Amino acid sequence: MRSVEWDAGASCLRLIDQRLLPAEFRQVCLHTYEDVAKAIRDMVVRGAPAIGAAAAFGMALAAMRYPARSATALLQHLETEAAPTLKAARPTAVNLAWAVDRVLARARTAVPQGVDAVREAVLDEAQRIADEDVEMNKRMARYGATLIEDGDTIIHHCNTGALATVDWGTALGVIRMAHEQGKRIHVLVDETRPRLQGARLTAWELEQYGIPYDIITDNAAGYFLSRGEVQKVFVGADRVAANGDVANKIGTYMLALAAYDNGVPFYPVVPTSTFDLSLATGREIPIEERDPSEVLDIQYRGRPAMPAGATARNPAFDVTPHRLITAIVTDRGILYPPLDEAIRRVIAAA
Ligand code: MRU
C-alpha cells in the first residue's frame, strides 16, 4: 500500500494519517486542494517526497473541482490560488515546489486542448510523479545497499521509509534493500524529538520488515558512535544546495558531527527531486520553525513534563555542511566529494 495514493473511484487523495501511528492505522480521503495543504501543514503526510506527491495530487483536485469556463481560467486558478497555497504549506522540503511546478508546466501544455485536457494532464502528471518516486527509491536503494556490509550496525534519523515517500523510502529504503539481500544488519533508531518520527514511524516500519533495531534517544547517538558500535549513518534530506550542504530533520547536524569525529561514514540518501541548484549553499535554505507546543506538550509518567509557563523554540530542520558528508546516494549513483562538481554533473544528466 502506498502512503500517498489516488483513489480513482472516489476521486480523492488517500493518505495514511501519520499522526496516529503506531497506535492506529487509518487512511483519510481528501477532496480539495485546501484539505491537502492542511494535511501537509499538520503532518498527516510528511517526508519530502511524500509531501511533493501529495501536493501534485492536490493540484489535480484543484483542477477537478474548479468550475472553469475556459482552460485559461483553469490555468490561472492553478497558478494563482492552488499552487501558492500548496507551496506555502511547508517551506523546507524543495520537493513540494518541485512537484507543483512540474504539474503546472504540464498543465500549460494542455491549455490549447481545453478544460478537460488540462484536468487529465494534471492528474496524469501527479500520477507520474508518484510512480517515478517509487522507481527512484528502488534505484537509490540498490546503489546505497552496496555500501552496507553484513553485520553492520547503522544509525538512522527521523523517518525516511515508505511513509516518508510514496513507497519504499530513501535512507530506510537502502537499509530495507540490504536486509532483503540477506545482509544481517542492526538499526539504532534515533527517536527524533519532538515529533518522534523515529520512535513512532521508523520503528513501526522496521517491525513490518523484520529488521532488528533498538530505539535510542537522540542524545545517545554520540555515545554509540564513540564506542565503535556503529559502522554507518544513513539519513534522508529535505533540500540539498548546489555545494552539497544538506537540510534534514533537526538533529541531523549533531549526528553528522559525531559521526565525523569518530570516523564513521555519513550518507544522506537523496532523490534528484530534492536537489536545489538555485541555492549556492545550505545557508540559503529556508528552515521551518514549528509551533512550540510540539516541544512543550509532552508528558513524563502521565504528568506534564515542563512547568506551565515554559517557552520553547522548535526549528524542524538543520543544515549539515558538505564537509561532514562522506557521499550522497542518489537515484543516479553515489556522489563522492567534491560534491558540488558531482551534483552539477548528475543534475545536468537528469
Ligand atoms: O518533518 P518531517 O517528518 O517531514 O521531516 C522528514 C525528514 O526530515 C526526512 O528525513 C526527509 O524528508 C527525507 S524522507 C525521505
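**Pockets, cavities and a buried ligand**

The lining of the second largest pocket is made up, by class, of eight nonpolar, two polar and four charged residues. The model is a predicted one. That second largest pocket holds about 180 Å³ of space. It is lined by 14 residues, and M1, A162, D167, W204 and Y209 are the closest to its centre. Which helix gives the most to this lining? Helix 7, residues 197–209, does, with four residues. W204 and Y209 are among the residues closest to the centre of the pocket, and both numbers fall within the 197–209 span of helix 7.

Now turn to the largest pocket. Its volume is about 410 Å³. There are 21 lining residues, and those closest to the centre are R193, D218, I250, G251 and M254. Two elements each give two or more residues to this lining: helix 8 (221–226) and helix 9 (252–261). Helix 9 gives the most, at four residues. By class, the lining counts nine nonpolar, six polar and six charged residues.

R193 deserves a second look. It sits among the residues closest to the centre of the largest pocket, and its peptide bond to P194 is cis, with omega near 5 degrees. P194 itself lies in the loop between strand 5 (186–190) and helix 7. Helix 7 was met above, as the element that gives the most to the lining of the second largest pocket.

Next come the enclosed spaces. How many cavities of 30 Å³ or more does the model hold? The count is three. The largest of them contains about 220 Å³ of space. Its lining has 25 residues, and R46, G47, A48, N159 and D238 are the closest to the centre. Helix 2 (48–65) and strand 9 (246–249) are the elements that give two or more residues to that lining. Helix 2 has the largest share, three residues. The classes split into 11 nonpolar, nine polar and five charged residues. Both domains take part: domain 1 (4–138) and domain 2 (140–349) each supply at least three residues to the lining of the largest cavity.

The ligand brings several of these names back. It is surrounded by 19 residues, with R46, A48, D238, N248 and K249 the closest. R46, A48 and D238 were also listed as closest to the centre of the largest cavity. N248 and K249 are close to the ligand, and their numbers fall within the 246–249 span of strand 9. What does R46 offer the ligand? One of its polar side-chain atoms lies 2.7 Å from a ligand oxygen atom. R90 places a polar side-chain atom 2.8 Å from an oxygen atom of the ligand. G47 uses its backbone instead: an N or O atom there lies 2.9 Å from a ligand oxygen atom. How much of the ligand does the protein bury? Taken alone, the ligand exposes 410 Å², and the protein buries 99% of that.

The second largest cavity has a volume of about 70 Å³. It is lined by P49, G52, A53, N95, W98, R102, I129, E132, D133, M136, V166 and S273. Helix 2, helix 4 (94–110) and helix 5 (115–145) are the elements that give two or more residues to this lining. Helix 5 gives the most, with four. Six of the lining residues are nonpolar, three are polar and three are charged. Helix 2 thus appears in two linings, that of the largest cavity and that of the second largest.

Some backbone details remain. A second cis peptide bond, after the one from R193 to P194, joins P337 and P338, where omega is about 0 degrees. P338 is in the loop between strand 16 (333–335) and helix 11 (339–349). W168 stands out by its phi, near 80 degrees, a positive value in a residue other than glycine. Where does W168 sit? Its place is the loop between strand 4 (153–156) and helix 6 (171–180). The residue before it in number, D167, is among those closest to the centre of the second largest pocket.

Conventions: Residues numbered from 1 in each chain as written. Heavy atoms only, no water. 1 Å grid on protein atoms, 1.4 Å probe; cavity = no way out; pocket = protein on both sides within 12 Å on 5 of 7 lines; lining within 4 Å. Points joined across faces, edges and corners; volume = space filled by probe spheres on them. Nonpolar A, V, L, I, M, F, W, Y, C, P; charged D, E, K, R; others polar. Domains from an automatic or database assignment. Near = heavy atom within 4 Å. Polar contact = N/O pair within 3.5 Å; in protein donor to acceptor, adjacent residues only side chain to side chain. Areas by Shrake-Rupley, 256 points an atom, 1.4 Å probe, with all protein chains shown as cover.
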